[in-house]
Amino acid sequence: MKASEIRSKWLQFFASKGHKIEPSSSLVPHNDPSLLWINAGIAPLKPYLDGREIPDNPRITNAQKCIRTNDIENVGKTRRHHTFFEMLGNFSIGDYFKQEVIPWAWEFLTDPQWIGFDPNRISVTVHEDDEEAFEIWHKQIGIPEDRIYKLKEDNFWDIGEGPCGPCTEIFYDRGDAYGDLADPECWPGGENERFLEVWNLVFTQFNHNKDGSYTPLPNKNIDTGAGLERFASILQNVDSNFDTDLFKPIIDKTCELTGVAYHTNEEYDVALKVIADHIRTVAFSVGDGVLPSNEGRGYVIRRLLRRAVRYGKVLGLDKPFLHKLVPIVGDIMGVYYAEVVDKREFIEKVIRTEEERFHETLSDGLNILAEMVEKSRQAGENQISGPDAFKLYDTYGFPFDLTEDFAAEKGLTVDRQGFDASMQEQRDRARAARHDEGGMKVQGGPLADFTVKSDFVGYNELVVTANIVAIVHENQFVDFVGVGESCQVILDQTPFYAESGGQASDYGTISNTQVILKVEDVNKAPHGQHAHRVIVESGVLRKGDTVQAAVAPAQRGDTIKNHTATHLLHKALKEVLGTHVNQAGSLVEPDRLRFDFSHFGSITAEELLDVEQRVNRQIWHNTHVDISLKAIAEAKEMGAMALFGEKYGDIVRVVQVGDYSLELCGGCHVHNTGQIGLFKIVSESGIGSGVRRIEAVTGRSAYEFLDQQLQLLKEAAGMLKSNVQDVPKRLESTLGQLKELSRENESLRSKLGRIEAGSLIDQVKQVVGVTVLAAQVNAGDIDSLRNIVDEMKVKLGSAVIVLGSVADDKVNLVAAVTPDLVAKGFHAGKIIKEVALQCGGSGGGRPDMAQAGGKDASKLQGALAGVEGLVAQFA
């Protein structure tokens, strides 16, 4: 059975049980700073499990792409370790529980219509206190007691504060070829290859509270996970996951590129498996907008890519090759993950560019490594230090084994313990930098079970009459709230937009003759109602009151201009930079817009100007903005863009700007582009690995920005005694004059230096046969001092020179040693360091030239007098 067929059967089976098929989320977590990567099927669904959001259907199933890199060194050396994998899952958000999910798991696994495993090959583990799960497996399903194992630590899912509970793991017996039952570790849950865990059912029925206690959840959930790769290895009857149709075509292509054969050489097999695993991870990550860099996710991708290149060298590949494997990944995975096909050219370009860079870095790194070896030998050591090895790993992407192999060829070892310590320090720094927030929240809150309907009517109306249907004050429902208090209010209908999709919430007032509320913020409650955070400015607010809800019209008007402008900007960026550009986040406020997008490389000033002009042309065309509701399939057929991190229902809102832009969007927009007035980019910058940010203004804010720039230009014109039009010409003239004055100044300094140098000849001394000059001179800055030193080197031919000067009460020092004396062991950097110390400063440098500074000018003469003694020490 092909892997694609297994995935399809999984989704079909749970759809037949009333589950909604949730598409795989991006590998980049959305609004979850606790995760670096999506690492499990449940990760994108956490808001449902902890009650922050309520799903349309409490039964969900998915096939989720995941990344885990905690045991990267095992990849290729075991049958099942991967950095990228697919997790099949089915979830219940307060709906079904053990009585349903266990029989369904058994049906899916054993029914020939689905997977068709031999029932006698299935064993399970349960938590030792979970009698309910035991009884279902034994009495209802019919598994004998000797194939049900009661365990404690391994069968309770708990990640700290939040939902947790016992679990049951399902194992498949692969037979005698994979292990002898006489081995004490050969049992489900033991360290063996015979009993393969294929599915884990987690029963989240408790809250793990802050104080360490456990209390029952108000709504019990089901969270299950099964590995697609493991299913495939069993159903395709192959030895390891790497021999399945998920990996084998990549291995075959790599063999074709290298001329090596699979399963003939253990070292080659490891290399082939590592490459097959890592190219999947890199291709999918780049497809989701993560680009190689030196931080965060980008660092992980760079490390994996370089590791794959290193293993390519094991196979004799000294040129970029990984990009040639991207089409194979697309052939295997594109049936379900269209992004690796649709973005193939971009993914190939990114990977090839990074490969080429690493091949250059590899050469530099080998040179550095050679220097480290020579340094160790000169110091009489037979080992490269751990920190040095880690520097090669961290800066040049050298795996430890590469450093170790090279050192061994030179008769040296590498300090593994020191390397591991440096690695751990880096992990600790990364862990400390990671946000603690955003994990799984504790269930609860008064609005979690509040299902009274509330309609949003603010697309078309900014002022409506409404009724107060709920008041939440200090985390509980109340019937009234007095003046000066802050609370949340739910209306039966509201014109106030709730913050979502990057658009800021509206503000305004809710009032009647008895009470005035100032609306400060609006967010969506778990069941979708708009929850208004308000302050009671006067009167008493009562549940049931009839009120007038009024959005501040100027604020909304400015916001919709910015929101429609982001759609035009998105399209313009795709036209100018390429179709790989995708939105990676946005912020739409009344006075500005911010747009984050994926892009590989910097943006030129010409490209930025082109983008800005394209947006403004659409504004000046005064194009009609059409907004309609469509079925999701119809909208996608129209070519509508679905945006990063957003979840869409069966019916979606389509925002179309003429024939220029077409996006799915739930936000508020202008009726025609002419309302925007003007669009001006304020800044453009890189904010992370492969993500760039544009900040811009429209309408009134654009006018104010340009007016401010004009006022600055007028100020500059006044300072230059010019009119505005002539400012560039006047600046060019002024800069030319400054350049000429600078040349004259440099010429004068050189002349003064030669004069000063001529007067120093009388201060030259001989110390143990070495010509020495140590003197204080008049030099305005360190450059002038260096010029005098250079003059004296020419005059003296062979000498140790140390000159000092005082400028602004600070000491400047420069030392030089001619090449013949460097060869004899004299070192300018060491000499200057000692002289600087006596002046209350520090410094150093090369053997032939060094400079330093000091704080105490009164000590300069004494410090220079000590140079002769320092020279004598070197002799």
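This is a guided tour of a predicted model, with selections to make in turn in the viewer.

**The whole chain**

Begin with everything shown as a cartoon. The C-alpha atoms fill a box of roughly 105 × 85 × 55 Å along the principal axes. Colouring by secondary structure brings out 24 helices and 35 strands. Of the 875 residues, 50% count as buried. The chain exposes about 40200 Å², and carbon and sulfur atoms supply 47% of that area. Turn on contacts between residues at least 6 apart in sequence: 67% of these join residues at least 24 apart.

**A three-stranded sheet**

Next, select residues 625–631 and 661–664, which are strands E25 and E27, together with residues 651–657, which are strand E26. These strands make an open sheet in the order E25-E26-E27, and their pairing is antiparallel. E25 and E27 are the edge strands; each has a single partner strand, so one side of each is left without a neighbour in the sheet. From one strand to the next, the twist averages 25°.

Strands of a sheet pair through backbone hydrogen bonds, either parallel or antiparallel. Here E25 and E26 pair over seven bridges in the antiparallel sense. To see one position in detail, pick Ser-628, whose bridge partner in E26 is Val-654.

Now add residues 553–577. This is helix H15, which packs on the sheet and touches E25, E26 and E27. The direction of H15 makes about 115° with that of E27.

**Salt bridges**

How many salt bridges does a search of the whole structure find? The search gives 43. A few of them can be visited one at a time.

Select Lys-65 and Asp-288. Their side chains meet in a salt bridge, with 3.1 Å from N to O. This pair links distant parts of the chain, 223 residues apart. Lys-65 sits in strand E2 (residues 59–67), while Asp-288 is in the loop between helix H7 (266–287) and helix H8 (296–314). Are these two residues buried or exposed? Both Lys-65 and Asp-288 are buried.

Move on to Lys-150 and Glu-131, where the salt bridge has an N to O distance of 2.7 Å. Lys-150 belongs to strand E5 (residues 148–151) and Glu-131 to helix H4 (residues 131–141), so the pair ties together parts 19 residues apart in sequence. Lys-150 has a relative accessible area of 39% and is partly exposed. Glu-131 also counts as partly exposed, at 39% relative accessibility.

Then go to Asp-856 and Lys-859. The closest N and O atoms of this salt bridge are 3.6 Å apart. Asp-856 is partly exposed, with a relative accessible area of 27%. Lys-859 is partly exposed too, at 43%.

Last in this group, select Arg-79, Arg-80, Glu-193 and Asp-239. Salt bridges that share partners join these four residues into one network.

**A nonpolar patch**

For the final stop, show the surface and select Leu-731, Leu-735, Leu-738 and Leu-741. They form a nonpolar patch there, with about 390 Å² of accessible area together. Within the patch, Leu-735 lies in helix H19 (residues 727–760). Why does Leu-735 count as exposed? Its relative accessible area is 54%, and exposed means over 50%.

Note on methods
Residues numbered from 1 in each chain as written. Predicted model: local features only at pLDDT ≥ 70, side-chain atom pairs only at ≥ 80, totals over all residues. Heavy atoms only, no water. Pairing = 2+ DSSP bridges. Helix = DSSP H or I, 4+ residues; strand = E, 2+ residues; numbered from the N terminus. Axes fitted to C-alpha atoms, helices over the stretch in contact; angles between N-to-C directions. Contact = heavy atoms within 4.5 Å. Buried < 20%, exposed > 50% of the residue type's maximum accessible area, 1.4 Å probe, protein only. Areas by Shrake-Rupley, 256 points an atom, 1.4 Å probe, with all protein chains shown as cover. Patch = residues over 30% accessible without salt bridge, like charges linked within 9 Å, V, L, I, M, F, W, Y side chains within 5 Å.
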